[in-house]
Amino acid sequence: MTFPSLPNQSHAGPSRPRQPTQQELWNGPGGGAPRDRRWLWIGLGVGGGAVALAVAAAVVLALVVFSPGAGVKRASEQMSEDLAAGRLDAAHAQFTPALKHNLSVTDLRSRLTELALDGSCSADIQQAESLARPGQRPRGTASGVLVCGSRAFDLSYVWEGDPLLLDGIKIQPR
């Protein structure tokens with residue numbers, strides 16, 4: 001049995017649904033205007049800036065802490081603190097064998113007594129550098145000022161070896 005065709009039907013067969021355009025695919029099923037991504041870019045910019053700042057700070061910190069002169073400076077500050085506080089045995093233990101032979105603990109004590117160093121002294125190491133060359137023993141020098149109240153002393157240290165041992169010391173009034 002066949003049914004009569006209605007006036008709005010065609011005899012071409014069933015029609016397929018229309019294919020979406022590229023713009024419709026890009027916008028998604030809701031379509032419409034593109035969304036505002038201003039806050040996304042602001043957030044990404046701030047996050048990227050924070051990461052760049054953290055990396056720069058890490059590089060600077062690594063250069064300062066692990067620089068060749070940093071070990072010389074730390075050893076010089078510790079030596080100055082030991083000498084000023086009267087811990088001469090601890091200071092003498094950091095001498096090279098040659099310096100220990102030339103400067104005994106009693107000689108060191110008498111020379112520091114002449115200078116009248118005391119626990120109020122503080123060192124300001126102004127220059128510390130490593131003189132290490134490939135194939136040689138590590139060496140370094142440090143110089144600065146030792147301030148004891150109203151008196152000031154020029155000081156310089158020469159370090160060598162690994163671990164650093166004091167090879168030369170000079171403390172004189174300004």
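How exposed is Arg139, and what is its relative accessible area? In this predicted model, Arg139 is partly exposed, with a relative accessible area of 31%. The sections below begin with the salt bridges of this residue and then turn to other parts of the structure.

## Salt bridges of Arg139

The side chain of Arg139 meets that of Glu160 in a salt bridge, with 2.7 Å from N to O. Arg139 belongs to strand β2 and Glu160 to strand β3 (residues 151-160), so this pair ties together parts that are 21 residues apart in sequence. The two partners fall into separate classes of accessibility: Arg139 is partly exposed, whereas Glu160, at 15% relative accessibility, counts as buried. The class of Glu160 follows from the cut-off, because buried means under 20% relative accessible area.

Arg139 also forms a salt bridge with Asp167, and here the closest N and O atoms are 4.0 Å apart. Asp167 is part of strand β4 (residues 165-173) while Arg139 is in strand β2, so the pair ties together parts that are 28 residues apart in sequence. Asp167 is partly exposed, and its relative accessible area is 27%.

## Salt bridges around Arg87

A search of the whole structure finds 5 salt bridges. One of them links Glu81 with Arg87, whose closest N and O atoms are 3.2 Å apart. Both residues have intermediate accessibility: Glu81 is partly exposed at a relative accessible area of 46%, and Arg87 is partly exposed at 36%.

The salt bridge of Asp167 and Arg139, described above, has its closest N and O atoms 4.0 Å apart. Elsewhere, Glu81, Asp82 and Arg87 are joined into one network by salt bridges that share partners.

## The disulfide

The structure has a count of 1 disulfide. Cys121 and Cys148 are its two partners, with their sulfur atoms 1.8 Å apart. The link is right-handed, with 115° about the S-S bond. Cys121 lies in the loop between α6 (105-115) and β1 (122-130), and Cys148 lies in strand β2 (residues 139-148), so the disulfide ties together parts that are 27 residues apart in sequence.

Are the two cysteines buried or exposed? Cys121 is buried, with a relative accessible area of 11%. Cys148 is buried as well, and its relative accessible area is 2%.

## Helix α6

Four residues of α6 are named as buried: Val105, Leu108, Leu112 and Leu115. Seen down the axis of the helix, the buried residues of α6 fall within an arc of 80°, so they line one face of the helix. On the other side of α6, the exposed residues are Thr106, Thr113 and Glu114.

Which residue follows α6, and what is the sign of its phi? The residue is Ala116, and its phi is positive, near 60°.

## Helix α4 and its contacts

Helix α4 spans residues 88-93 and includes Ala91. Ala91 is buried, with a relative accessible area of 0%. Apart from its neighbours within four places in sequence, Ala91 is in contact with Met79, Asp82 and Leu83. One of these, Asp82, is also a member of the salt-bridge network with Glu81 and Arg87. Ala91 can also be placed relative to Leu108, one of the buried residues of α6. The C-alpha atoms of Ala91 and Leu108 are 9.7 Å apart in space, and the two residues are 17 apart in sequence.

His92 is found in helix α4 as well. This residue is buried, with a relative accessible area of 12%. With residues up to four places away in sequence left out, His92 touches Lys100, Leu103, Ser104 and Val105. Val105 is one of the buried residues of α6.

## The aromatic pair

The way in which such a pair is described comes first. Two quantities serve for a pair of aromatic rings: the distance of the centres and the angle of the planes.

The structure has a count of 1 aromatic pair. The rings of Tyr157 and Trp159 have centres 6.0 Å apart and planes at 55°, so the pair is tilted. Tyr157 and Trp159 are both buried.

Technical notes: Residues are numbered from 1 along each chain as its sequence is written. This is a predicted model: local features need pLDDT of at least 70, side-chain atom pairs count only at pLDDT 80 or more; totals for chains, interfaces and linings use all residues. Side-chain values use heavy atoms; hydrogens and water are left out. A disulfide is a pair of cysteine sulfur atoms within 2.5 Å. Helices (H or I, at least four residues) and strands (E, at least two) are DSSP runs, numbered from the N terminus. Buried means under 20% relative accessible area, exposed over 50%, partly exposed in between (1.4 Å probe, protein chains only). Rings of Phe, Tyr and Trp (its six-membered ring) pair if their centres lie within 6.5 Å; planes under 30 degrees apart count as stacked, over 60 as edge-to-face and the rest as tilted. The arc is that of the directions from the helix axis to the C-beta atoms. Contact means heavy atoms within 4.5 Å.
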